[in-house]
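The exercises below are meant to be worked with the sequence and the model side by side. Try each task before reading its solution.

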Amino acid sequence: MQKGKCITIDGIDGAGKSTQIDFICAYLKTRNINVVLTREPGGTEIGEKIRKLLLGSATKMHDETELMLMFAARNEHIQNKIIPTLANGDWVLSDRFTDASYAYQGGGRGISVERIAELESWVLQDFAPDMTLLLDVDVEIGMQRVVSRGQKGRIEQEDSRFFNRVRDAYIARSQKFPERIKLIDASQDVENISNQIQKVLATL
Ligand SMILES: Nc1ncnc2c1ncn2[C@@H]1O[C@H](COP(=O)(O)OP(=O)(O)OP(=O)(O)O)[C@@H](O)[C@H]1O
Ligand SMILES: [Mg+2]
């Protein structure tokens, strides 16, 4: 039975998710909330192994294999980490979640929403995050922010057209679920973004 709350943070590469996660953890601690930080793909021993397959190697992978591996890792994550953590009364903060599959494998790769929804209803059943922070930023800005990181992973190597489709799919998700998904203007400076996030978190 869920007692804690589940927050997910999503958005294109370089939107500033990792940067804001530090702020969110610190903010929740000031409210005496125990938060378990996790990420997708990954967050469990098996999930992190799947992450290496998905993001690390440059080997070509069929688009639907990519989608199914994402959901395989997610199943492990939900069953063995997210649900037990919430049942324990702690909160979960996940760096990416199911919306990323709609954005990257859906918008980016072109797999249909219906196809992804089949896996979502199988793996998530009636689970949904309590709140999703969608950090929205121009693809060019996001790409500029990540260049400094050096060698790119398998998905990061895609071009700006790919990431524009990903961004559009994220925005479509936020329009479909306006209650859950809070659109944050991530083109601003770090402090301004943190202020926007604090305002929506306060409503939880
Ligand atoms: N609002 C901001 N303005 C300018 N630079 C920023 C901002 N937020 C983050 N950065 C910088 O941009 C880079 C990418 O940020 P960050 O790692 O937080 O993004 P991310 O969304 O976690 O990316 P990824 O999806 O690749 O993990 C970092 O070097 C970070 O310091
Ligand atoms: Mg990050």
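**Exercise 1. Decide whether Leu 53 is buried, exposed or partly exposed, and place it in the chain.**

Begin with the neighbour count: Leu 53 has 16 C-beta neighbours inside 10 Å, and it therefore counts as partly exposed, since a buried residue needs 20 or more and an exposed one has 12 or fewer. Next, find the element, which for Leu 53 is helix α2. Finally, relate Leu 53 to a residue further along the chain: Gly 106 is 53 residues away from Leu 53 in sequence, and their C-alpha atoms are 19 Å apart in space. Bear in mind throughout that this is a predicted model.

**Exercise 2. Describe the overall fold of the protein chain, from its elements to its dimensions.**

The inventory comes to 8 helices and 5 strands, and, read from the N terminus, the order of these elements is β-α-β-α-α-β-α-α-β-α-α-β-α. For the dimensions, the C-alpha trace spans about 45 × 35 × 30 Å along its principal axes. The radius of gyration of the protein chain is 16 Å, which agrees with the value near 17 Å that a compact globule of 204 residues would have. Two further figures complete the description: buried residues make up 39% of the 204 residues, and, among contacts with a separation of 6 or more, 82% join residues 24 or more positions apart.

**Exercise 3. Determine which residues come nearest to ligand 1 and which elements contribute to its shell.**

The shell around ligand 1 holds 14 residues, of which Gly 16, Lys 17, Ser 18, Thr 19 and Arg 145 come nearest. The elements that supply two or more residues to this shell are α1 (17-30), α6 (139-147) and α8 (190-202), and the greatest contribution, 3 residues, is made by α1. Sorted by class, the shell around ligand 1 has 6 polar, 4 charged and 4 nonpolar residues.

**Exercise 4. Work out how α6 packs against α7, and which residues meet there.**

Start from the geometry: the axes of α6 and helix α7 (residues 160-176) are 10 Å apart and form an angle of about 115°, and the crossing of α6 past α7 is right-handed. Then list the residues on each side, where α6 brings Val 139, Glu 140, Gly 142 and Met 143, and these meet Ser 160, Phe 163, Asn 164 and Arg 167 of α7. The contact of α6 with α7 is mixed in class, with 3 nonpolar, 3 polar and 2 charged residues.

**Exercise 5. Inspect the backbone at Pro 41, Arg 96 and Gln 125, and state where each residue lies.**

Take Pro 41 to begin with: the peptide bond that leads from Glu 40 to Pro 41 is cis, with omega near -15°, and Pro 41 sits in the loop between β2 (35-39) and α2 (45-56).

Then turn to Arg 96, which is not a glycine and yet has a positive phi of about 80°. Arg 96 is in the loop between β3 (91-95) and α4 (98-108), and it counts as buried because it has 23 C-beta neighbours inside 10 Å.

Gln 125 also has a positive phi, near 50°, in a residue other than glycine. Its loop is the one between α5 (113-124) and β4 (131-136), and with 9 C-beta neighbours inside 10 Å, Gln 125 counts as exposed.

**Exercise 6. Characterise the surroundings of Ser 101 and Gly 108 in helix α4.**

For Ser 101, the count is 24 C-beta neighbours inside 10 Å, so this residue counts as buried. Leaving aside residues up to four places away in sequence, Ser 101 touches Leu 67, Met 70, Gly 106 and Ile 116. Leu 67 is 34 residues from Ser 101 in sequence, while their C-alpha atoms are 7.0 Å apart.

For Gly 108, the count is again 24 C-beta neighbours inside 10 Å, and Gly 108 therefore counts as buried. With residues up to four places away again left out, the contacts of Gly 108 are Ala 103, Glu 158, Phe 162, Arg 165 and Val 166. As a last step, compare sequence and space for Gly 108 and Trp 91, which are 17 residues apart in sequence and 30 Å apart from C-alpha to C-alpha.

Methods. Residues numbered from 1 in each chain as written. Chains lettered and ligands numbered in written order. Predicted model: local features only at pLDDT ≥ 70, side-chain atom pairs only at ≥ 80, totals over all residues. Near = placed C-beta within 6 Å. Helix = DSSP H or I, 4+ residues; strand = E, 2+ residues; numbered from the N terminus. Nonpolar A, V, L, I, M, F, W, Y, C, P; charged D, E, K, R; others polar. Rg over C-alpha atoms; globule rule 2.2 N^0.38 Å. Contact = placed C-beta atoms within 7 Å. Axes fitted to C-alpha atoms, helices over the stretch in contact; angles between N-to-C directions. Left-handed = near helix turned anticlockwise from the far one by under 90°.
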